Amino acid sequence: IEYLVHAYRNVYPENADTRGGSQSCEVDINCTPEGTNWQDEKKGVVRMSVVSNQGSGWCTASMVNNTSLDCTPYILTAMHCTENSNASNFNQYTFYYNYESANCGSGNAPINQTVVGCTRRADSGDNGGNSGSDFALLEANSTVPAGYNTYYNGWNAQNSASGSGVSIHHPAGDRKKISTYTSALFTTGWGVNNTHWGVNWAGTANGHGVTEGGSSGSPIFDSQGRIVGTLTGGG
């Protein structure tokens, strides 16, 4: 036995009244109107169980398309989620698809739609955003089952600030949430200047979605549903 990870309790919600650990302000992905126009993009966002020789934890990631349009199972997340993992650890990553409630504010989320194992294909090599954009590109070691109905999100790499959009994520490893921004992203940095987009989250009809630990690596989308960044962190 190489190491042991001990999860104390509430790793998975046990019933409709048990919350998964995120803050009460968070907005479920199937709330109306927040999630109404994001029912395709949400299918690409996955909860990611990260494994390293130091332990285990939650991050968020997204399936991403490629220019060949061949459904290669590429997964985009943040480098800081992966920087302590070796090849053996990557083989133990677990990706949870459709981990969401069908309701708004309550309900169970299925945990039986998973893919185990991935390979690191590329990353930003920046110590988790200290000197760059904090991205990691992974490839699942197996094909995503067709029954998961996953969606391969597109992206926009142009250097122009998106005026509005959302992030879809798994704060604290909880069921899928959505956070909304209605004011333009702005240029900022994490370790150095001009490496990141900054965002101010807006209050909406069903809460005030933000990001938390576990949201790291989640995609931020522009108003046309294209990924323009992955989450490093924030207040």
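**Entry 1: confidence**

I began with the confidence scores: the protein chain averages a pLDDT of 93, and 94% of the residues score at least 70. I note that the model is predicted. I then looked up where the score falls. Over residues 14-18 the pLDDT stays under 50. For residues 14-18 the model has eight contacts beyond four places in sequence.

**Entry 2: the largest pocket**

I turned next to the largest pocket, whose volume is about 1,000 Å³. I asked which residues lie closest to its centre. Of the 41 residues in the lining, these are Trp197, Ile220, Val228, Gly229 and Thr230.

I also looked up which elements give two or more residues to this lining. I found five strands listed by position: E3 at 74-77, E10 at 186-188, E11 at 196-198, E12 at 219-222 and E13 at 227-230. The element that gives the most is E13, with four residues.

How many residues of each class does the lining of the largest pocket have? I recorded 17 nonpolar and 24 polar residues, and no charged ones.

**Entry 3: strand E7 and its partners**

Strand E3, met above in the pocket lining, led me to strand E7, since I found four bridges that join the two. E3 and E7 run antiparallel. In this pairing I located Tyr74 opposite Glu139 of E7.

I then followed E7 to strand E6, which covers residues 118-123. E6 and E7 are also antiparallel, and I noted five bridges between them. Here Ala122 stands opposite Leu137 of E7.

Why is E7 described as largely enclosed by the rest of the structure? I checked the strand, which spans residues 136-140, and the reason is that four of its five residues are buried.

**Entry 4: Tyr93**

My last entry concerns Tyr93, which I found in the loop between helix H2 (87-90) and strand E4 (94-96). Is Tyr93 buried or exposed? Its relative accessible area is 0%, so I recorded Tyr93 as buried, the cut-off for that term being under 20%.

I looked up what surrounds Tyr93, leaving aside neighbours within four places in sequence. Its contacts include Met48, Ser49, Val50 and Val51, as well as Cys81, Thr82 and Ser85. Val115, Val116, Gly117, Cys118 and Leu138 are also in contact with Tyr93. Of these, Cys118 falls in the range of E6, and Leu138 in that of E7.

For Val51 I also took the C-alpha separation from Tyr93, which is 5.9 Å, although the two residues are 42 apart along the chain.

Key. Residues numbered from 1 in each chain as written. Predicted model: local features only at pLDDT ≥ 70, side-chain atom pairs only at ≥ 80, totals over all residues. Heavy atoms only, no water. 1 Å grid on protein atoms, 1.4 Å probe; cavity = no way out; pocket = protein on both sides within 12 Å on 5 of 7 lines; lining within 4 Å. Points joined across faces, edges and corners; volume = space filled by probe spheres on them. Nonpolar A, V, L, I, M, F, W, Y, C, P; charged D, E, K, R; others polar. pLDDT = per-residue confidence, 0-100. Contact = heavy atoms within 4.5 Å. Buried < 20%, exposed > 50% of the residue type's maximum accessible area, 1.4 Å probe, protein only. Pairing = 2+ DSSP bridges.
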